[in-house]
Amino acid sequence: MSITVTDLTPTARAGEILTPDALAFVEALHERFAERVPVLLEERRARQAGLAEHPVLDFLPETRAVREGTWKVPAPPQALADRRVEITGPASPAKMAINALNSGAKVWLADLEDASTPTWHNVIDAITNLADAARGTLAHTSPDGKEYRLRDDAPLAVVVARPRGWHLPEVHVRVNGAPAVGALVDFGLHVFHTADVLAPKGAGPFYYLPKMESHREARLWHEVFAFAESHLGIPSGTIRATMLIETITAAYEMDEMLYELGEHAVGLNAGRWDYLFSIIKNFRDSGAAFELPDRAQVAMTAPFMRAYTELLVQTCHKRGAFAMGGMAAVIPNRRDPEATASALQKVRDDKTREAGDGFDGSWVAHPDLVPVCREVFDDVLGDRPNQIDRLRPDVEVAAADLIDIRSLQGTATLDGLRTNLYVSVAYTAVWLSGNGAVQIHGLMEDAATAEISRSQVWQQLRNRTRLDSGEEVTAELVGRLLDEELDRLRGEVAAEPFERYYAPAAELIREIVLSSEYVDFLTLPAYELLTSGEHA
(Lines give C-alpha, C1' and ligand atoms only; values in the text may rest on other atoms or scores of the structure.)
Protein backbone atom coordinates (compact mmCIF):
# COMPACT_ATOMS: atom_id res chain seq x y z
CA MET A 1 0.00 0.00 0.00
CA SER A 2 1.25 3.48 -0.84
CA ILE A 3 0.03 6.97 -0.01
CA THR A 4 0.59 10.12 -2.05
CA VAL A 5 -0.49 13.73 -1.58
CA THR A 6 -1.20 15.77 -4.69
CA ASP A 7 -0.45 19.10 -2.98
CA LEU A 8 1.93 19.24 -0.03
CA THR A 9 1.70 23.02 0.39
CA PRO A 10 -1.97 24.08 0.51
CA THR A 11 -1.08 26.34 3.46
CA ALA A 12 2.12 27.98 4.69
CA ARG A 13 2.33 25.53 7.61
CA ALA A 14 1.15 22.39 5.83
CA GLY A 15 4.56 20.81 6.33
CA GLU A 16 3.86 20.65 10.07
CA ILE A 17 0.76 18.52 9.40
CA LEU A 18 1.65 16.45 6.35
CA THR A 19 4.70 14.88 7.95
CA PRO A 20 5.97 11.45 6.87
CA ASP A 21 4.88 9.93 10.20
CA ALA A 22 1.41 11.46 10.04
CA LEU A 23 0.91 10.26 6.48
CA ALA A 24 2.15 6.80 7.42
CA PHE A 25 -0.51 6.71 10.14
CA VAL A 26 -3.24 7.77 7.69
CA GLU A 27 -1.97 5.07 5.33
CA ALA A 28 -2.16 2.49 8.14
CA LEU A 29 -5.78 3.48 8.84
CA HIS A 30 -6.62 2.93 5.18
CA GLU A 31 -4.79 -0.38 5.03
CA ARG A 32 -6.92 -1.74 7.87
CA PHE A 33 -10.29 -0.05 7.40
CA ALA A 34 -10.82 1.65 4.03
CA GLU A 35 -12.10 -1.41 2.17
CA ARG A 36 -15.01 -1.71 4.62
CA VAL A 37 -16.38 1.75 3.81
CA PRO A 38 -17.84 0.96 0.35
CA VAL A 39 -19.44 -2.18 1.82
CA LEU A 40 -21.24 -0.05 4.42
CA LEU A 41 -22.29 2.48 1.80
CA GLU A 42 -23.73 -0.32 -0.32
CA GLU A 43 -25.71 -1.50 2.71
CA ARG A 44 -27.24 1.98 2.87
CA ARG A 45 -28.28 1.83 -0.78
CA ALA A 46 -29.74 -1.65 -0.38
CA ARG A 47 -31.80 -0.60 2.62
CA GLN A 48 -33.13 2.46 0.81
CA ALA A 49 -34.08 0.33 -2.18
CA GLY A 50 -36.00 -1.93 0.19
CA LEU A 51 -37.84 1.04 1.67
CA ALA A 52 -38.95 2.08 -1.80
CA GLU A 53 -40.70 -1.29 -2.10
CA HIS A 54 -41.90 -1.52 1.50
CA PRO A 55 -41.83 1.85 3.32
CA VAL A 56 -41.76 0.53 6.89
CA LEU A 57 -39.00 0.67 9.49
CA ASP A 58 -38.83 -1.25 12.76
CA PHE A 59 -36.43 -1.96 15.57
CA LEU A 60 -34.08 -4.81 14.65
CA PRO A 61 -35.20 -8.21 15.91
CA GLU A 62 -31.66 -9.58 15.80
CA THR A 63 -30.40 -6.97 18.30
CA ARG A 64 -33.24 -7.23 20.79
CA ALA A 65 -30.89 -8.55 23.47
CA VAL A 66 -28.78 -5.39 23.18
CA ARG A 67 -31.84 -3.16 23.62
CA GLU A 68 -33.08 -5.15 26.60
CA GLY A 69 -29.67 -5.48 28.28
CA THR A 70 -28.61 -3.54 31.37
CA TRP A 71 -25.22 -2.37 30.08
CA LYS A 72 -24.01 1.24 30.26
CA VAL A 73 -21.32 3.29 28.57
CA PRO A 74 -18.34 4.34 30.70
CA ALA A 75 -18.74 7.48 32.80
CA PRO A 76 -17.86 10.64 30.88
CA PRO A 77 -14.40 12.14 31.33
CA GLN A 78 -14.33 15.13 33.65
CA ALA A 79 -13.60 17.50 30.77
CA LEU A 80 -16.93 16.54 29.18
CA ALA A 81 -19.06 16.20 32.31
CA ASP A 82 -20.77 19.56 31.73
CA ARG A 83 -21.97 20.21 28.17
CA ARG A 84 -24.88 22.54 28.81
CA VAL A 85 -24.02 24.80 25.89
CA GLU A 86 -22.03 23.87 22.79
CA ILE A 87 -21.11 26.19 19.94
CA THR A 88 -20.63 24.84 16.44
CA GLY A 89 -18.57 26.15 13.57
CA PRO A 90 -15.66 25.48 11.25
CA ALA A 91 -12.08 25.23 12.52
CA SER A 92 -10.81 27.37 9.63
CA PRO A 93 -10.07 30.26 9.53
CA ALA A 94 -8.20 30.79 12.80
CA LYS A 95 -10.26 33.85 13.73
CA MET A 96 -13.46 31.76 13.85
CA ALA A 97 -11.73 29.03 15.82
CA ILE A 98 -10.49 31.52 18.42
CA ASN A 99 -13.92 33.15 18.72
CA ALA A 100 -15.51 29.75 19.32
CA LEU A 101 -12.94 28.76 21.94
CA ASN A 102 -13.42 32.14 23.68
CA SER A 103 -17.22 32.14 23.41
CA GLY A 104 -18.03 30.97 26.93
CA ALA A 105 -19.54 27.74 25.64
CA LYS A 106 -18.61 24.55 27.46
CA VAL A 107 -17.81 22.74 24.20
CA TRP A 108 -16.86 23.75 20.68
CA LEU A 109 -17.89 21.40 17.90
CA ALA A 110 -14.92 22.06 15.63
CA ASP A 111 -16.45 21.19 12.29
CA LEU A 112 -14.67 19.65 9.33
CA GLU A 113 -18.03 18.45 7.99
CA ASP A 114 -21.29 20.25 7.17
CA ALA A 115 -20.17 23.75 8.20
CA SER A 116 -16.88 23.52 6.32
CA THR A 117 -16.15 23.39 2.61
CA PRO A 118 -13.52 20.63 2.23
CA THR A 119 -11.04 22.52 0.10
CA TRP A 120 -7.60 21.11 0.74
CA HIS A 121 -6.60 24.47 2.21
CA ASN A 122 -9.52 24.40 4.65
CA VAL A 123 -8.82 20.82 5.74
CA ILE A 124 -5.15 21.42 6.50
CA ASP A 125 -5.73 24.87 8.01
CA ALA A 126 -8.37 23.39 10.32
CA ILE A 127 -6.04 20.62 11.52
CA THR A 128 -3.28 23.19 12.06
CA ASN A 129 -5.60 25.39 14.12
CA LEU A 130 -6.77 22.45 16.20
CA ALA A 131 -3.20 21.33 16.83
CA ASP A 132 -2.36 24.87 17.97
CA ALA A 133 -5.49 24.99 20.13
CA ALA A 134 -4.49 21.76 21.86
CA ARG A 135 -1.19 23.40 22.79
CA GLY A 136 -2.73 26.73 23.76
CA THR A 137 -0.81 28.59 21.06
CA LEU A 138 -3.57 29.42 18.60
CA ALA A 139 -3.40 33.09 17.59
CA HIS A 140 -4.23 35.26 14.58
CA THR A 141 -3.51 38.77 13.36
CA SER A 142 -5.89 40.16 10.75
CA PRO A 143 -4.69 42.17 7.72
CA ASP A 144 -5.73 45.37 9.51
CA GLY A 145 -3.59 44.46 12.50
CA LYS A 146 -6.29 43.24 14.88
CA GLU A 147 -5.00 40.48 17.14
CA TYR A 148 -6.99 37.42 18.20
CA ARG A 149 -5.71 35.41 21.17
CA LEU A 150 -7.04 32.66 23.40
CA ARG A 151 -8.55 34.12 26.56
CA ASP A 152 -6.91 33.48 29.92
CA ASP A 153 -9.61 35.01 32.11
CA ALA A 154 -12.10 32.14 31.77
CA PRO A 155 -12.11 28.50 30.64
CA LEU A 156 -11.89 27.79 26.94
CA ALA A 157 -14.46 25.58 25.25
CA VAL A 158 -13.49 21.91 25.14
CA VAL A 159 -12.80 20.85 21.55
CA VAL A 160 -14.90 18.09 20.05
CA ALA A 161 -13.89 17.67 16.40
CA ARG A 162 -16.27 16.46 13.71
CA PRO A 163 -14.65 14.65 10.75
CA ARG A 164 -16.42 14.12 7.46
CA GLY A 165 -18.95 11.32 7.02
CA TRP A 166 -18.06 7.94 5.57
CA HIS A 167 -19.37 8.86 2.11
CA LEU A 168 -17.01 11.73 1.31
CA PRO A 169 -13.65 11.18 -0.41
CA GLU A 170 -10.47 13.23 -0.13
CA VAL A 171 -9.04 13.54 -3.63
CA HIS A 172 -5.84 15.28 -2.54
CA VAL A 173 -4.75 12.15 -0.68
CA ARG A 174 -4.50 8.97 -2.73
CA VAL A 175 -3.96 5.50 -1.35
CA ASN A 176 -2.93 2.94 -3.93
CA GLY A 177 -3.97 5.46 -6.56
CA ALA A 178 -7.56 5.86 -5.29
CA PRO A 179 -8.98 8.86 -3.40
CA ALA A 180 -8.69 8.49 0.35
CA VAL A 181 -11.64 8.26 2.74
CA GLY A 182 -12.26 11.81 3.96
CA ALA A 183 -13.24 10.65 7.45
CA LEU A 184 -10.00 8.72 7.91
CA VAL A 185 -7.92 11.66 6.66
CA ASP A 186 -9.63 14.12 9.01
CA PHE A 187 -9.54 11.83 12.02
CA GLY A 188 -6.08 10.48 11.29
CA LEU A 189 -4.38 13.85 10.96
CA HIS A 190 -6.23 15.33 13.93
CA VAL A 191 -5.64 12.49 16.38
CA PHE A 192 -2.02 12.12 15.30
CA HIS A 193 -1.23 15.78 16.00
CA THR A 194 -3.25 16.23 19.20
CA ALA A 195 -3.44 12.96 21.14
CA ASP A 196 -0.01 13.34 22.75
CA VAL A 197 -1.05 16.72 24.20
CA LEU A 198 -4.73 16.14 24.98
CA ALA A 199 -4.65 12.62 26.42
CA PRO A 200 -2.35 13.35 29.41
CA LYS A 201 -4.59 16.28 30.37
CA GLY A 202 -7.79 14.24 30.09
CA ALA A 203 -8.92 16.70 27.42
CA GLY A 204 -9.44 14.31 24.53
CA PRO A 205 -9.22 13.64 21.75
CA PHE A 206 -13.00 13.90 21.53
CA TYR A 207 -15.17 13.58 18.42
CA TYR A 208 -18.62 14.05 16.96
CA LEU A 209 -19.47 11.37 14.38
CA PRO A 210 -21.87 12.39 11.58
CA LYS A 211 -24.17 10.82 9.00
CA MET A 212 -24.14 7.24 10.31
CA GLU A 213 -27.06 5.03 9.34
CA SER A 214 -26.49 1.83 11.30
CA HIS A 215 -24.74 0.22 14.27
CA ARG A 216 -22.33 -1.47 11.86
CA GLU A 217 -20.99 1.97 10.95
CA ALA A 218 -20.52 2.71 14.65
CA ARG A 219 -18.65 -0.59 15.00
CA LEU A 220 -16.19 0.53 12.34
CA TRP A 221 -15.51 3.77 14.22
CA HIS A 222 -14.94 1.74 17.39
CA GLU A 223 -12.29 -0.33 15.64
CA VAL A 224 -10.67 2.77 14.13
CA PHE A 225 -10.45 4.39 17.57
CA ALA A 226 -9.07 1.25 19.20
CA PHE A 227 -6.37 0.95 16.54
CA ALA A 228 -5.44 4.63 16.91
CA GLU A 229 -5.11 4.34 20.68
CA SER A 230 -2.87 1.31 20.35
CA HIS A 231 -0.77 2.85 17.61
CA LEU A 232 -0.34 6.19 19.41
CA GLY A 233 0.25 4.65 22.84
CA ILE A 234 -2.68 6.19 24.71
CA PRO A 235 -4.92 4.22 27.09
CA SER A 236 -7.92 2.35 25.75
CA GLY A 237 -11.06 4.45 26.01
CA THR A 238 -9.22 7.78 25.91
CA ILE A 239 -10.92 8.68 22.65
CA ARG A 240 -14.59 9.45 23.32
CA ALA A 241 -17.23 10.24 20.76
CA THR A 242 -20.76 11.56 20.50
CA MET A 243 -22.74 10.20 17.57
CA LEU A 244 -25.24 12.31 15.70
CA ILE A 245 -28.58 10.62 15.29
CA GLU A 246 -29.38 12.48 12.10
CA THR A 247 -30.71 9.70 9.90
CA ILE A 248 -34.07 8.01 10.21
CA THR A 249 -32.50 4.54 10.15
CA ALA A 250 -30.12 5.38 13.01
CA ALA A 251 -33.12 6.42 15.12
CA TYR A 252 -34.08 2.74 15.21
CA GLU A 253 -30.59 1.68 16.33
CA MET A 254 -29.61 4.12 19.07
CA ASP A 255 -29.01 1.45 21.71
CA GLU A 256 -27.06 -0.64 19.25
CA MET A 257 -24.88 2.28 18.14
CA LEU A 258 -23.91 3.14 21.71
CA TYR A 259 -23.22 -0.52 22.38
CA GLU A 260 -21.03 -0.95 19.29
CA LEU A 261 -19.00 2.20 19.96
CA GLY A 262 -18.24 0.61 23.32
CA GLU A 263 -15.73 2.28 25.61
CA HIS A 264 -15.53 5.21 23.19
CA ALA A 265 -19.22 6.14 23.48
CA VAL A 266 -20.18 9.22 25.47
CA GLY A 267 -23.48 10.38 23.99
CA LEU A 268 -25.89 10.99 21.14
CA ASN A 269 -27.03 14.22 19.52
CA ALA A 270 -30.35 15.08 17.89
CA GLY A 271 -29.20 16.35 14.49
CA ARG A 272 -32.57 17.70 13.48
CA TRP A 273 -31.88 19.17 10.02
CA ASP A 274 -30.08 16.17 8.60
CA TYR A 275 -32.78 14.02 10.17
CA LEU A 276 -35.44 15.71 8.03
CA PHE A 277 -33.19 15.34 5.00
CA SER A 278 -32.84 11.64 5.76
CA ILE A 279 -36.61 11.17 5.97
CA ILE A 280 -37.10 12.78 2.56
CA LYS A 281 -34.18 10.82 1.13
CA ASN A 282 -35.21 7.41 2.41
CA PHE A 283 -38.92 7.75 1.58
CA ARG A 284 -38.54 9.77 -1.61
CA ASP A 285 -40.10 6.98 -3.69
CA SER A 286 -42.84 6.13 -1.21
CA GLY A 287 -45.53 8.50 -2.41
CA ALA A 288 -47.32 11.57 -1.08
CA ALA A 289 -47.90 10.01 2.35
CA PHE A 290 -44.21 10.63 3.10
CA GLU A 291 -44.05 14.21 1.87
CA LEU A 292 -43.15 16.98 4.30
CA PRO A 293 -44.66 20.47 4.06
CA ASP A 294 -42.46 23.56 3.78
CA ARG A 295 -39.42 23.27 6.03
CA ALA A 296 -40.45 26.33 8.03
CA GLN A 297 -43.64 24.50 9.01
CA VAL A 298 -41.89 21.43 10.45
CA ALA A 299 -41.45 22.26 14.13
CA MET A 300 -39.72 20.16 16.76
CA THR A 301 -43.15 19.83 18.39
CA ALA A 302 -44.42 17.69 15.50
CA PRO A 303 -45.38 14.25 16.85
CA PHE A 304 -42.77 12.30 14.88
CA MET A 305 -40.04 14.75 15.89
CA ARG A 306 -41.13 14.54 19.54
CA ALA A 307 -40.96 10.76 19.33
CA TYR A 308 -37.42 10.99 17.96
CA THR A 309 -36.07 13.41 20.56
CA GLU A 310 -37.77 11.84 23.56
CA LEU A 311 -36.59 8.36 22.58
CA LEU A 312 -33.07 9.76 22.23
CA VAL A 313 -33.13 11.22 25.76
CA GLN A 314 -34.55 8.04 27.24
CA THR A 315 -32.06 5.80 25.41
CA CYS A 316 -29.04 7.89 26.33
CA HIS A 317 -29.86 8.25 30.01
CA LYS A 318 -30.70 4.58 30.35
CA ARG A 319 -27.15 3.91 29.15
CA GLY A 320 -25.43 6.63 31.18
CA ALA A 321 -24.76 8.69 28.06
CA PHE A 322 -25.30 12.35 27.20
CA ALA A 323 -28.37 13.44 25.24
CA MET A 324 -27.44 16.56 23.30
CA GLY A 325 -29.99 18.90 21.76
CA GLY A 326 -30.09 20.28 18.25
CA MET A 327 -28.97 23.40 16.46
CA ALA A 328 -30.50 26.81 17.05
CA ALA A 329 -30.14 28.07 13.48
CA VAL A 330 -31.52 31.60 13.97
CA ILE A 331 -28.86 34.30 13.99
CA PRO A 332 -29.10 37.63 15.86
CA ASN A 333 -28.60 40.80 13.84
CA ARG A 334 -26.67 43.37 15.85
CA ARG A 335 -27.89 46.14 13.53
CA ASP A 336 -31.55 45.21 13.99
CA PRO A 337 -32.62 45.12 17.67
CA GLU A 338 -36.14 43.93 16.83
CA ALA A 339 -34.89 41.00 14.75
CA THR A 340 -32.37 40.16 17.44
CA ALA A 341 -35.04 40.12 20.15
CA SER A 342 -37.13 37.78 18.02
CA ALA A 343 -34.16 35.48 17.36
CA LEU A 344 -33.24 35.32 21.04
CA GLN A 345 -36.80 34.42 22.00
CA LYS A 346 -36.93 31.62 19.43
CA VAL A 347 -33.69 30.22 20.80
CA ARG A 348 -34.93 30.53 24.39
CA ASP A 349 -38.14 28.68 23.55
CA ASP A 350 -36.27 25.94 21.73
CA LYS A 351 -33.74 25.40 24.50
CA THR A 352 -36.40 25.57 27.22
CA ARG A 353 -38.22 22.69 25.54
CA GLU A 354 -34.99 20.66 25.28
CA ALA A 355 -33.89 21.29 28.87
CA GLY A 356 -37.37 20.39 30.10
CA ASP A 357 -37.31 17.17 28.09
CA GLY A 358 -34.11 16.04 29.79
CA PHE A 359 -31.39 16.99 27.33
CA ASP A 360 -28.01 17.63 28.97
CA GLY A 361 -27.10 20.54 26.73
CA SER A 362 -27.64 21.94 23.29
CA TRP A 363 -26.10 23.65 20.26
CA VAL A 364 -25.93 27.24 19.10
CA ALA A 365 -24.29 28.64 15.97
CA HIS A 366 -23.35 32.13 17.17
CA PRO A 367 -21.47 33.47 20.23
CA ASP A 368 -24.33 35.87 21.03
CA LEU A 369 -26.60 32.86 21.63
CA VAL A 370 -24.31 31.19 24.18
CA PRO A 371 -25.64 33.17 27.19
CA VAL A 372 -29.26 32.39 26.26
CA CYS A 373 -28.67 28.64 26.03
CA ARG A 374 -26.54 28.64 29.18
CA GLU A 375 -29.17 30.55 31.18
CA VAL A 376 -31.92 28.12 30.19
CA PHE A 377 -29.89 25.05 31.14
CA ASP A 378 -28.63 26.76 34.32
CA ASP A 379 -32.25 27.13 35.42
CA VAL A 380 -32.82 23.39 35.02
CA LEU A 381 -29.44 21.98 36.04
CA GLY A 382 -28.40 24.40 38.76
CA ASP A 383 -25.06 23.19 40.11
CA ARG A 384 -25.39 19.74 38.53
CA PRO A 385 -23.20 19.20 35.46
CA ASN A 386 -25.91 17.26 33.59
CA GLN A 387 -29.20 15.41 34.10
CA ILE A 388 -28.17 11.93 32.94
CA ASP A 389 -29.91 10.62 36.06
CA ARG A 390 -33.28 11.69 34.62
CA LEU A 391 -34.37 8.42 33.04
CA ARG A 392 -37.70 9.39 31.45
CA PRO A 393 -39.60 6.14 32.21
CA ASP A 394 -42.73 7.94 31.02
CA VAL A 395 -41.57 7.85 27.39
CA GLU A 396 -43.11 5.16 25.22
CA VAL A 397 -42.21 5.28 21.53
CA ALA A 398 -43.39 2.66 19.06
CA ALA A 399 -41.62 2.04 15.77
CA ALA A 400 -44.47 3.60 13.80
CA ASP A 401 -44.29 6.82 15.86
CA LEU A 402 -40.91 7.72 14.35
CA ILE A 403 -42.31 7.82 10.82
CA ASP A 404 -45.78 9.16 11.57
CA ILE A 405 -45.53 11.77 8.83
CA ARG A 406 -49.30 11.76 8.28
CA SER A 407 -49.88 13.47 11.63
CA LEU A 408 -47.90 16.51 10.52
CA GLN A 409 -50.00 19.56 9.78
CA GLY A 410 -48.86 21.86 7.00
CA THR A 411 -48.84 22.56 3.29
CA ALA A 412 -46.47 22.69 0.37
CA THR A 413 -46.43 26.25 -0.94
CA LEU A 414 -45.20 28.10 -3.99
CA ASP A 415 -43.17 30.38 -1.71
CA GLY A 416 -41.66 27.29 -0.08
CA LEU A 417 -40.61 25.94 -3.47
CA ARG A 418 -39.03 29.27 -4.33
CA THR A 419 -37.21 29.33 -0.99
CA ASN A 420 -35.91 25.80 -1.50
CA LEU A 421 -34.45 26.74 -4.88
CA TYR A 422 -32.99 30.01 -3.58
CA VAL A 423 -31.38 28.36 -0.56
CA SER A 424 -30.03 25.46 -2.63
CA VAL A 425 -28.32 27.78 -5.10
CA ALA A 426 -27.18 30.41 -2.60
CA TYR A 427 -25.71 27.87 -0.20
CA THR A 428 -24.00 25.83 -2.91
CA ALA A 429 -22.48 28.97 -4.41
CA VAL A 430 -20.96 30.10 -1.13
CA TRP A 431 -19.84 26.50 -0.45
CA LEU A 432 -18.01 26.51 -3.80
CA SER A 433 -16.30 29.75 -2.74
CA GLY A 434 -14.85 27.95 0.29
CA ASN A 435 -17.27 28.82 3.09
CA GLY A 436 -19.48 26.05 4.47
CA ALA A 437 -21.49 28.07 7.01
CA VAL A 438 -23.72 30.68 5.39
CA GLN A 439 -26.21 33.18 6.83
CA ILE A 440 -29.32 33.28 4.64
CA HIS A 441 -32.46 35.20 5.63
CA GLY A 442 -31.49 35.26 9.31
CA LEU A 443 -30.68 31.55 9.53
CA MET A 444 -27.28 29.88 9.72
CA GLU A 445 -27.47 27.39 6.87
CA ASP A 446 -25.09 24.51 6.38
CA ALA A 447 -25.05 21.53 4.06
CA ALA A 448 -27.93 19.85 5.90
CA THR A 449 -30.45 22.59 5.12
CA ALA A 450 -29.34 22.74 1.49
CA GLU A 451 -29.84 18.98 1.33
CA ILE A 452 -33.40 19.32 2.65
CA SER A 453 -34.15 22.05 0.15
CA ARG A 454 -32.97 20.32 -3.02
CA SER A 455 -34.34 16.91 -1.89
CA GLN A 456 -37.79 18.34 -1.27
CA VAL A 457 -37.85 19.82 -4.76
CA TRP A 458 -36.89 16.42 -6.24
CA GLN A 459 -39.57 14.65 -4.20
CA GLN A 460 -42.27 17.15 -5.15
CA LEU A 461 -41.39 16.73 -8.80
CA ARG A 462 -41.53 12.96 -8.40
CA ASN A 463 -44.99 13.16 -6.78
CA ARG A 464 -46.26 16.04 -8.93
CA THR A 465 -47.23 17.77 -5.70
CA ARG A 466 -50.12 20.23 -5.77
CA LEU A 467 -49.07 23.52 -4.15
CA ASP A 468 -51.21 25.96 -2.19
CA SER A 469 -51.34 28.10 -5.33
CA GLY A 470 -53.10 25.28 -7.18
CA GLU A 471 -50.08 24.70 -9.40
CA GLU A 472 -48.61 21.26 -9.85
CA VAL A 473 -44.86 20.89 -9.38
CA THR A 474 -43.47 20.14 -12.83
CA ALA A 475 -40.07 20.40 -14.47
CA GLU A 476 -41.30 23.48 -16.32
CA LEU A 477 -42.39 25.20 -13.11
CA VAL A 478 -39.16 24.34 -11.29
CA GLY A 479 -37.07 25.52 -14.24
CA ARG A 480 -38.92 28.83 -14.43
CA LEU A 481 -38.69 29.47 -10.68
CA LEU A 482 -35.03 28.53 -10.65
CA ASP A 483 -34.36 31.07 -13.40
CA GLU A 484 -36.25 33.73 -11.45
CA GLU A 485 -34.40 33.00 -8.21
CA LEU A 486 -31.09 33.06 -10.05
CA ASP A 487 -31.99 36.48 -11.46
CA ARG A 488 -32.79 37.58 -7.93
CA LEU A 489 -29.37 36.40 -6.76
CA ARG A 490 -27.76 38.16 -9.73
CA GLY A 491 -29.09 41.40 -8.29
CA GLU A 492 -27.81 40.63 -4.80
CA VAL A 493 -24.16 39.77 -5.47
CA ALA A 494 -21.33 41.25 -7.49
CA ALA A 495 -20.81 40.17 -11.10
CA GLU A 496 -17.53 38.31 -10.55
CA PRO A 497 -18.66 35.97 -7.76
CA PHE A 498 -21.99 35.49 -9.52
CA GLU A 499 -20.33 34.16 -12.67
CA ARG A 500 -17.71 32.19 -10.77
CA TYR A 501 -19.90 30.55 -8.15
CA TYR A 502 -23.63 31.27 -8.46
CA ALA A 503 -24.09 30.41 -12.12
CA PRO A 504 -22.32 27.01 -11.78
CA ALA A 505 -24.22 26.35 -8.52
CA ALA A 506 -27.53 26.98 -10.27
CA GLU A 507 -26.66 24.59 -13.06
CA LEU A 508 -25.67 21.93 -10.55
CA ILE A 509 -28.94 22.35 -8.65
CA ARG A 510 -30.90 22.31 -11.90
CA GLU A 511 -29.23 19.08 -12.92
CA ILE A 512 -29.78 17.21 -9.67
CA VAL A 513 -33.38 18.32 -8.97
CA LEU A 514 -34.51 17.57 -12.53
CA SER A 515 -32.62 14.27 -12.77
CA SER A 516 -34.69 11.09 -12.83
CA GLU A 517 -32.09 9.56 -10.51
CA TYR A 518 -31.78 10.92 -6.97
CA VAL A 519 -28.29 12.11 -5.96
CA ASP A 520 -27.51 10.76 -2.47
CA PHE A 521 -25.54 13.80 -1.32
CA LEU A 522 -25.40 17.25 -2.86
CA THR A 523 -21.84 17.58 -1.61
CA LEU A 524 -20.60 14.73 -3.82
CA PRO A 525 -21.13 16.43 -7.21
CA ALA A 526 -20.36 19.78 -5.59
CA TYR A 527 -17.03 18.37 -4.39
CA GLU A 528 -16.22 17.23 -7.92
CA LEU A 529 -16.92 20.76 -9.13
CA LEU A 530 -14.92 22.24 -6.27
CA THR A 531 -11.84 20.12 -6.95
CA SER A 532 -11.96 20.20 -10.74
CA GLY A 533 -9.52 23.13 -10.67
CA GLU A 534 -12.01 25.80 -11.71
CA HIS A 535 -13.25 26.51 -8.17
CA ALA A 536 -10.49 25.15 -5.94
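This is a tour of helix packing, pockets, cavities and unusual backbone sites in a predicted model.

The model is predicted, with local features needing pLDDT of at least 70 and side-chain atom pairs counted only at pLDDT 80 or more, while totals for chains, interfaces and linings use all residues. Residues are numbered from 1 along each chain as its sequence is written, and side-chain values use heavy atoms, with hydrogens and water left out.

**Stop 1: helix 14 and helix 15**

Select residues 414-432 for helix 14 and 447-463 for helix 15. Helices here are DSSP runs (H or I, at least four residues), strands are runs of E with at least two, and both are numbered from the N terminus. The two axes come within 8 Å and cross at roughly 135 degrees. Axes are lines fitted to C-alpha atoms, for helices over the stretch in contact, and angles run from 0 to 180 degrees between N-to-C directions. Helix 14 and helix 15 are therefore oblique to each other. Angles under 35 degrees count as roughly parallel, over 145 as roughly antiparallel, 65 to 115 as roughly perpendicular and the rest as oblique. The crossing is left-handed (the near helix is turned anticlockwise from the far one by less than a right angle; clockwise would be right-handed).

Now show side chains. On helix 14, the contact (heavy atoms within 4.5 Å) uses Leu417, Asn420, Leu421, Val423, Ser424 and Tyr427. Helix 15 contributes Ala447, Ala450, Ser453, Arg454, Gln456, Val457 and Gln460. Colouring by class gives seven nonpolar, five polar and one charged residues in this contact. Ala, Val, Leu, Ile, Met, Phe, Trp, Tyr, Cys and Pro count as nonpolar, Asp, Glu, Lys and Arg as charged, and the others, Gly among them, as polar.

**Stop 2: helix 14 and helix 16**

Keep helix 14 and add helix 16, residues 475-490. These two pack at an angle of about 55 degrees, with axes 9 Å apart. That makes helix 14 oblique to helix 16. Helix 14 passes helix 16 in a right-handed crossing. The residues to select on helix 14 are Leu414, Leu417, Arg418, Leu421, Tyr422, Val425 and Ala426. Facing them on helix 16 are Leu477, Val478, Leu481, Leu482, Glu484, Glu485, Leu486, Arg488 and Leu489. By class, the contact has twelve nonpolar, no polar and four charged residues. Leu417 and Leu421 belong to the contact with helix 15 and also to the contact with helix 16.

**Stop 3: the two largest pockets**

Pockets and cavities are found on a 1 Å grid over the protein atoms alone: a cavity is a set of points where a 1.4 Å probe fits but cannot get out, a pocket is an open set with protein on both sides within 12 Å along at least five of seven lines, and lining residues have an atom within 4 Å of a point. Grid points are joined across faces, edges and corners, and a volume is the space filled by probe spheres set on the points.

Centre on Met96, Ile331, Ala365, His366 and Met444, which lie nearest the centre of the largest pocket. This pocket holds about 880 Å³ and has 38 lining residues. Elements supplying at least two of them include strand 2 (85-90), helix 5 (94-101), helix 10 and helix 15. The lining divides into 19 nonpolar, eight polar and eleven charged residues.

For the second largest pocket, of about 750 Å³, select Trp273, Arg295, Ala296, Val298 and Leu443, the nearest to its centre among 30 lining residues. Helix 12 (337-357), helix 14 and helix 15 are among the elements giving at least two residues.

**Stop 4: cavities**

The whole structure has four cavities of 30 Å³ or more. The largest contains about 110 Å³. Of its 16 lining residues, Glu113, Asp114, Leu168, Ala447 and Thr523 are closest to the centre. Helix 10 (272-282) and helix 15 each give two or more residues to that lining.

The second largest cavity, about 50 Å³, has a lining that includes Lys211, Glu213, Asp274, Phe277 and Phe521. Five charged residues are in this lining, with two nonpolar and three polar.

**Stop 5: backbone details**

Lysine 211, from that lining, has a positive phi of about 65 degrees although it is not a glycine. Find lysine 211 in the loop between strand 9 and helix 8 (215-232).

Next, go to proline 205, in the loop between helix 7 (182-201) and strand 9 (206-209). Glycine 204 and proline 205 are joined by a cis peptide bond with omega about 5 degrees. Finish at serine 92 and proline 93, where the peptide bond is cis with omega near 10 degrees. Proline 93 sits in the loop between strand 2 and helix 5.
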